[in-house]
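Biologist: Could we go through this chain together, beginning with its overall form and then turning to single residues?

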Amino acid sequence: MPLRLAAGISTAHTDYGTVLLNQRSGEYWELNPTGTLVLRTLLDGGDEADAAKALVAAFDTSPSQAAHDVGELTAQLRSSGLAS
């Protein structure tokens, strides 16, 4: 299932990653460069496997660790109401 940001969530790219703002609650989330790569891959239509492959290609991590990290991030984004 593709990842989409929820209504009222805006993003800003920084030198250190991406900041997500929940305009309804005023809460900020900051994603580091790995989180930013995962988010960008998923929002561009990739699935979790694509995001894990992108992490392996860009950072020194194993495929199993990348898959775990992608799953954790997407679950947190969804459970927090930032994405669906």
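Modeller: We should start with a definition: the radius of gyration is taken over C-alpha atoms, and the globule rule is 2.2 Å times the number of residues to the power 0.38. Please keep in mind throughout that this is a predicted model.

Biologist: With 84 residues, what radius of gyration does the chain have, set beside that of a compact globule?

Modeller: For 84 residues, a compact globule would have a radius of gyration near 12 Å. The C-alpha atoms fill a box of roughly 35 × 30 × 20 Å along the principal axes. The value for the chain agrees with the globule rule, being 12 Å.

Biologist: Which pattern of helices and strands does the chain follow along the sequence?

Modeller: There are three helices and three strands in the chain. Among them are strand β2, which spans residues 17-22, and helix α1, which spans residues 33-43. Read along the sequence, the pattern is β-β-β-α-α-α.

Biologist: What share of the 84 residues is buried?

Modeller: Of the contacts between residues at least 6 apart in sequence, 36% join residues at least 24 apart. The chain exposes about 5,100 Å², and carbon and sulfur atoms supply 52% of that area. Buried residues, meaning those under 20% relative accessible area, make up a share of the chain equal to 35%.

Biologist: How far apart are the mean positions of the positive and negative charges?

Modeller: The chain carries 5 positive and 10 negative charges. Taking the mean position of each set, the separation between the two is 9 Å.

Biologist: Is Thr18 buried or exposed, and at what relative accessibility?

Modeller: Thr18 lies in strand β2, and, leaving aside neighbours within four places in sequence, Thr18 is in contact with Thr11, Ala12, His13, Trp29, Glu30, Leu31 and Thr36. Since the cut-off for burial is under 20% relative accessible area, Thr18 counts as buried, with a relative accessibility of 1%.

Biologist: Which side chains make polar contacts with the side chain of Thr18?

Modeller: One polar contact, of 3.1 Å, joins the side chain of Thr18 to that of His13. Another, at 3.0 Å, links the side chain of Thr18 to a residue that is listed among the buried residues of helix α1. The two partners are therefore, by the criterion of N or O atoms within 3.5 Å, the side chains of His13 and Thr36.

Biologist: Which elements are included in what covers the buried residues of α1?

Modeller: The buried residues of helix α1 are Gly35, Thr36, Leu37, Val38, Leu39, Thr41 and Leu42. As a general point, an α-helix has 3.6 residues a turn, so residues three or four places apart point the same way. The cover of the buried residues of α1 includes β1 (9-14), β2, β3 (28-31), α2 (48-58) and α3 (63-79).

Biologist: Which residue of helix α3 does Leu42 touch?

Modeller: Leu42 lies in helix α1 and counts as buried at 4% relative accessibility. Not counting residues up to four places away in sequence, Leu42 touches Leu3, Asp47, Glu48, Ala51 and Thr74. Of these, the residue placed in helix α3 and buried at 2% relative accessibility is Thr74.

Biologist: Which residues are in contact with Thr74, leaving aside neighbours within four places in sequence?

Modeller: Thr74 is buried, and one of the contacts has already appeared from the side of Leu42. With sequence neighbours within four places left aside, the contacts of Thr74 are Leu42 and Glu48.

Biologist: Where is Gly45 found, and what phi does Gly45 take?

Modeller: Gly45 is found in the loop between α1 and α2 and is exposed, with a relative accessible area of 57%. Just after α1, the phi of Gly45 is positive, at about 105 degrees.

Biologist: Which backbone nitrogen does the side chain of Ser25 reach?

Modeller: Ser25 lies in the loop between β2 and β3 and counts as partly exposed at 43% relative accessibility. The C-alpha atoms of Ser25 and Ala51, 26 residues apart along the chain, are separated by 28 Å. At 3.2 Å, the side chain of Ser25 reaches the backbone nitrogen of Glu27.

Note on methods: Residues numbered from 1 in each chain as written. Predicted model: local features only at pLDDT ≥ 70, side-chain atom pairs only at ≥ 80, totals over all residues. Heavy atoms only, no water. Helix = DSSP H or I, 4+ residues; strand = E, 2+ residues; numbered from the N terminus. Buried < 20%, exposed > 50% of the residue type's maximum accessible area, 1.4 Å probe, protein only. Contact = heavy atoms within 4.5 Å. Areas by Shrake-Rupley, 256 points an atom, 1.4 Å probe, with all protein chains shown as cover. Lys, Arg positive; Asp, Glu negative; His and termini not counted. Charge placed at Lys NZ, Arg CZ, Asp CG, Glu CD. Polar contact = N/O pair within 3.5 Å; in protein donor to acceptor, adjacent residues only side chain to side chain.
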